[in-house]
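Work through the following exercises with the sequence and the predicted model side by side. Try each task before you read its solution.

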Amino acid sequence: MKKLFYRIVTGLLLAGWMCIIFRFSAQPAVESEQVSGSVSYRVVEAYCEMFHKELTQSRMDALAEAIDYPIRKAAHMTEYAAMGILAFAFLAGYMQKNAKTYLTALLIAALYATSDEIHQLFVPGRAGKFTDVCIDTMGALFGLLVLFLLQKLWERIAKRRSLHYNKNILK
């Protein structure tokens, strides 16, 4: 029963995240640029506030424009990092947690990134780009790498606690 619940929850989370990515990709270019431009501008404002910088409006606009592309690509990587982790979690309900599970999760993210870029060919002002597929896939790879490292760290901590616990029992 627990396994079925886990599979349903992780499946719904993965499908929901895929829907969120689809929704972002369905935004026409003008709308998408407004959203990312607004985020870039807020980053510049936060920078100015944090470091007590006073910049002119035109300088702030120029900085926001300059960081817009990296922020957009970082957003792509982040959303696909989350998707890679969710795909792994879903697959873990069906497979052993091993290299095959990580590779399958990465493949799912790469295929979805490909389908997402194809989808963008039909959205006004958007274009499907192979470079975006690569960036998205790298985001998924990064997310899965972080997950792998966290799991190894968790295993190491659990092993140390177990050894410490067993030493105390023997005393």
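**Exercise 1: Surface and overall form**

The protein has an accessible surface of about 11,800 Å², and carbon and sulfur atoms account for 69% of it.

Task: Describe the secondary structure, and decide whether the protein is more spread out than a compact globule or not.

Solution: Begin with the elements, which come to 5 helices and 0 strands, running α-α-α-α-α from the N terminus on. Next, take the radius of gyration, which is 21 Å and thus well over the 16 Å that the globule rule gives for 171 residues, so the protein is more spread out than a compact globule. Finally, look at the C-alpha trace, which spans about 70 × 45 × 25 Å along its principal axes.

**Exercise 2: The core**

Task: Find which helix gives the most residues to the largest nonpolar core.

Solution: This core has 20 residues, and among those that touch the most other members are Tyr80, Phe88 and Leu144. Helices H1, H3, H4 and H5 each supply at least two residues of the core, while H3 gives the most, with 7 residues. Beyond its neighbours within four places in sequence, Phe88 is in contact with residues including Tyr102, Ala105 and Leu144.

**Exercise 3: A patch on the surface**

Task: State whether Met138 is buried, partly exposed or exposed.

Solution: Locate Met138 in helix H5, then compare its relative accessible area of 46% with the limits: under 20% is buried and over 50% is exposed, so a value in between means partly exposed. Met138 is therefore partly exposed. Met138 also belongs to a nonpolar surface patch with about 700 Å² of accessible area together, to which helix H5 contributes the largest share, 7 residues.

Note on methods: Residues numbered from 1 in each chain as written. Predicted model: local features only at pLDDT ≥ 70, side-chain atom pairs only at ≥ 80, totals over all residues. Heavy atoms only, no water. Patch = residues over 30% accessible without salt bridge, like charges linked within 9 Å, V, L, I, M, F, W, Y side chains within 5 Å. Areas by Shrake-Rupley, 256 points an atom, 1.4 Å probe, with all protein chains shown as cover. Salt bridge = Lys/Arg side-chain N within 4 Å of Asp/Glu carboxyl O. Helix = DSSP H or I, 4+ residues; strand = E, 2+ residues; numbered from the N terminus. Buried < 20%, exposed > 50% of the residue type's maximum accessible area, 1.4 Å probe, protein only. Core = buried A, V, L, I, M, F, W, Y, C linked by side-chain atoms within 4.5 Å. Contact = heavy atoms within 4.5 Å. Rg over C-alpha atoms; globule rule 2.2 N^0.38 Å.
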